[in-house]
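Here are a few notes to help you find your way around. Please keep the viewer open as you read.

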Amino acid sequence: PARVRIRHLQDAKDTGRRFAMLTSYDQFSARIFESAGIDVLLVGDSVGTTVLGYDSTVHTTHQDMLTFTGAVARSVTRPLVVADLAFGSYQTSVADAVTHGVELMRAGAHAVKLEGGHAITDRVRALVDAGIPVMGHLGFTPQSVHALGGHRVQGRDHASADRLADEALALQEAGAFAVVLELVPAAVAERVTEILQIPTIGIGAGPACDGQVLVWQDMAGLSDFRGAFVRRFAEIGDDLRRAATAYRENVEGRRYPGAEHSFE
Ligand code: KIV
Ligand code: NA
């Protein structure tokens, strides 16, 4: 099947078709999500918290992003692969943003995502000018967790909702092809979705967004994160625990391996 392109996401918005995005950081999850028809795979800097054991994405490095972007990009042919610019890889300067964006594209990404609004529109424009499609990310922006004072819904009062809408428009104006809205009141996400020409992609942002994204380990019941906006569509953590327990019991009880698993 043909590669999903950013114009297909725009078509989806224009025709009222919703699309699904999931994070992925490795070969097997990427292939499974491709076969499930997921249009967009996000190599999120959440790899730092889901895979690498850090307590926030502040610790995820650009080198981490290159490694996991390569793994996902090598594993699929249809989904659009979006890679996060790591904390520290674009805040420092426009030139740093372009240099690291180029490296993510060379690693196999088809687009990059970065967090923030007015503060980074110059980076967004420079990346787009360099031929790198950019996805924005507003609302709760995890790389700023310490500045924001924890995981909190953003845009709750009128002033901050207006600011969020302004920032979304500024990202669109700077050339972004889509904007993630994270932990935003449903009514605010709906308003932003209406005023933007480009697609919005929600996570904890209600049902009105053009697309939806979840961290796959949350969606599939592997992590123990149970945010109010997460629906667990499977309990693969329980399945995996049962499998590992059965394996251990069979090894310890000398029931595995048997003759049928042995070479003459
Ligand atoms: O890194 C990530 O997983 C993300 C999504 C939650 C949007 O940025
Ligand atoms: Na991220």
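1. A term to start with: a crossing of two helices is called left-handed if the near helix is turned anticlockwise from the far one by less than a right angle, and right-handed if clockwise. Please also keep in mind that this is a predicted model.

2. With that in hand, look at helix α5 (residues 94-107) and helix α6 (residues 121-129), whose axes come within 9 Å and cross at roughly 45°. Angles from 35 to 65 degrees fall outside the parallel and perpendicular ranges, and that makes α5 oblique to α6. The crossing of these two helices, α5 and α6, is right-handed.

3. Who makes this contact? On the α5 side you will find Val94, Ala97, Val98 and Gly101, and on the α6 side Asp122, Arg123, Ala126 and Leu127. Sorted by class, the contact of α5 with α6 has 5 nonpolar, 1 polar and 2 charged residues.

4. Now turn to ligand 1. Around it sit Thr23, Leu42, Gly44, Asp45, Ser46, Asp84, Val180, Glu182, Ile203, Val213 and Val215. The shell around ligand 1 has 5 nonpolar, 3 polar and 3 charged residues by class.

5. The UniProt record, an unreviewed entry, places the feature "binding site" at Asp45, Asp84 and Glu115. These positions span 71 residues in sequence, yet no two of their C-alpha atoms are more than 10.9 Å apart, so they gather at one spot.

6. Asp84 is worth a second look: this residue belongs to strand β3 (residues 80-84). Asp84 is also among the residues surrounding ligand 1, and so is Asp45.

Key: Residues numbered from 1 in each chain as written. Chains lettered and ligands numbered in written order. Predicted model: local features only at pLDDT ≥ 70, side-chain atom pairs only at ≥ 80, totals over all residues. Axes fitted to C-alpha atoms, helices over the stretch in contact; angles between N-to-C directions. Helix = DSSP H or I, 4+ residues; strand = E, 2+ residues; numbered from the N terminus. Parallel < 35°, antiparallel > 145°, perpendicular 65-115°, else oblique. Contact = placed C-beta atoms within 7 Å. Nonpolar A, V, L, I, M, F, W, Y, C, P; charged D, E, K, R; others polar. Near = placed C-beta within 6 Å. UniProt positions renumbered as here; feature names shortened; annotations may be inferred.
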